[in-house]
Each structure stands twice: as structure tokens, then as C-alpha cells.
Amino acid sequence: MNNKHEITLRKTVVADLEHLFIFQLDEEGGYLAAFMPKNHTDKQAYLQKYTKFLSEPTINMCTILVDNIIAGSVSKFEMDGDAEITYWIDKKFWGKGVGTQALRDFLTLEGARPIFGRVAFDNIGSQRVLEKCGFTKIGTDRGFANARQTEIEEFIYKLI
């Protein structure tokens, strides 16, 4: 993005969840994310789950704003005792550096290290975001991707 756009992060609030739910309904975005809930169109389940996450101390959820417009989210959560990163950028902001800048900023706020990121093998944009933010690919895994209804390979990244 050019310098005319301001990318900021703020703690996610309940009112943000309606916007974030809509983003994850995008079929192309869901395909690239791959690992989603079985029924990602269930708004009530989404709102209930993420409202609970807002008060979970091991989860750090931030909303990404571009010129004060909600453009996505970035979060740290724990899985099997490891800190993991996840993010979702609204499709209209893809390829504009929003994800990279938001993740860089988030990593200055979130001190958990090491921190891991996982990405579908063919999600090149997300792989680039992780690499630009200092993550190194350390391995692969296989898992069932609900958005694709098949098992796929995912790449595992780590930031120390």
C-alpha cells in the first residue's frame, strides 16, 4: 500500500466480529485458508466461539484497520503448548502489504517466542507474509482441510 493509507491494530471487540465473520465467508479466501470450521457459515457458532476467545488469556486477538476500516484480524493462540499465529485479510486488501505490515506490528506487541505459523502448501501470499516477517519454514504436516474437503499438506513456519 502506498503511504497514504494508515494500517493500525487494536484489540478486537465484540462489535468487530460481525465484520470478521463476513470476511471468512469468501470462498477464495476460505480455500486458501483451507483449515476452517466444518460449518464456517454458521454465524451464531462463530460469534459464540470468538466472543469467548476475547476473554481467553492465552489468546491475543487484534483487528486490522486500514484508514479506520476493518480490513482483517491477526491473533496469537496456543495449540499443544505452542504459540501459533493466525491472520485473515479481507480480499479487497490482498497484495497491498496489509497482511505483512499488520503481522510485523502485531509481533512487536506479542512477545511469545518461539511462535509458529501454518499455511496451506499453495497459499503463496500467506507464505510470503510469514517470510517477510522473519518466519522460517521448518517442516510440513498433513491435515484435513474442511474448506477443501480433503487432506492437504501444510507448511510449518517458526519465528524465534
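**View A. Pro114 lies in the loop between H4 and S5.** The model shown here is predicted. The peptide bond that leads from Arg113 into Pro114 is cis, with omega near -5 degrees. Most peptide bonds are trans. Of the two elements that flank this loop, helix H4 spans residues 98-109 and strand S5 spans residues 115-120. Both H4 and S5 give two or more residues to the largest nonpolar core, and each also supplies at least two residues of the lining of the largest pocket.

**View B. The largest nonpolar core comprises 26 residues.** Ile64, Val74, Ile85, Leu103, Leu130 and Phe135 are the members that touch the most other members. Two or more residues apiece come from strands S1 (7-11), S2 (60-66), S3 (69-79), S4 (82-89), S5 (115-120) and S7 (150-159), and likewise from helices H4 (98-109) and H5 (124-132). The most is given by H4, with five residues. A second core, separate from this one, has twelve residues, among them Leu20, Leu47, Leu65 and Ile70.

**View C. Val74 is among the core members that touch the most other members.** Apart from neighbours within four places in sequence, the contacts of Val74 include Leu9, Ile64, Ile85, Leu103 and Phe106. Val74 is also in contact with Asn60, Met61 and Cys62, and with Thr86 and Tyr87. Of these partners, Ile64, Ile85 and Leu103 are, like Val74, listed among the members of the largest core that touch the most others.

**View D. Ser73 and Ser75 both lie in strand S3.** Ser73 has a relative accessible area of 15%, which falls under the 20% limit, and is therefore buried. Ser75 counts as buried as well, because its relative accessibility is 10%. With residues up to four places away in sequence left out, Ser73 touches Leu20, Cys62, Thr63, Ile64, Thr86, Tyr87 and Trp88. On the same basis, Ser75 touches Asn60, Met61, Cys62, Glu84, Ile85, Thr86 and Phe106. Cys62 and Thr86 thus appear in the contacts of Ser73 and again in those of Ser75. Trp88 stands 13 residues from Ser75 along the chain, and the C-alpha atoms of the two are separated by 9.2 Å.

**View E. The largest pocket is lined by 46 residues.** Its volume is about 1,500 Å³. Ala33, Thr86, Tyr87, Trp88 and Arg118 are the lining residues that lie nearest the centre of the pocket. Helices H1 (17-23), H2 (27-33), H3 (43-53), H4 and H5 each supply at least two residues of the lining, as do strands S3, S4 and S5. Sorted by class, the lining holds 26 nonpolar, 13 polar and seven charged residues. Thr86, Tyr87 and Trp88, which lie nearest the centre together with Ala33 and Arg118, are also contacts of Ser73.

**View F. Ala34, in the loop between H2 and H3, has a positive phi.** Phi of Ala34 is near 70 degrees, in a residue that is not glycine. Most residues other than glycine have a negative phi. Ala34 is buried, with a relative accessible area of 0%. One of the contacts of Asn146 is Ala34.

**View G. The loop between S6 (136-145) and S7 holds Asn146 and Gln149.** Asn146 is buried, because its relative accessible area of 18% is under 20%. The side chain of Asn146 reaches the backbone oxygen of Met36 at 2.6 Å. Leaving aside neighbours within four places in sequence, Asn146 is in contact with Ala34, Met36, Pro37 and Lys38. Gln149, by contrast, counts as exposed, because its relative accessibility is 55% and the limit is over 50%. Gln149 has a positive phi of about 55 degrees, although it is not a glycine.

**View H. Phe53 is found in helix H3 and is partly exposed.** Its relative accessible area is 25%, which lies between the limits for buried and exposed, so Phe53 is classed as partly exposed. Not counting residues up to four places away in sequence, Phe53 touches Ile59 and Met61. Met61 is also among the contacts of Val74 and of Ser75. Phe53 and Ala71 are 18 residues apart in sequence, and their C-alpha atoms are 19 Å apart in space.

Note on methods:
Residues numbered from 1 in each chain as written. Predicted model: local features only at pLDDT ≥ 70, side-chain atom pairs only at ≥ 80, totals over all residues. Heavy atoms only, no water. Core = buried A, V, L, I, M, F, W, Y, C linked by side-chain atoms within 4.5 Å. Buried < 20%, exposed > 50% of the residue type's maximum accessible area, 1.4 Å probe, protein only. Helix = DSSP H or I, 4+ residues; strand = E, 2+ residues; numbered from the N terminus. Contact = heavy atoms within 4.5 Å. Polar contact = N/O pair within 3.5 Å; in protein donor to acceptor, adjacent residues only side chain to side chain. 1 Å grid on protein atoms, 1.4 Å probe; cavity = no way out; pocket = protein on both sides within 12 Å on 5 of 7 lines; lining within 4 Å. Points joined across faces, edges and corners; volume = space filled by probe spheres on them. Nonpolar A, V, L, I, M, F, W, Y, C, P; charged D, E, K, R; others polar.
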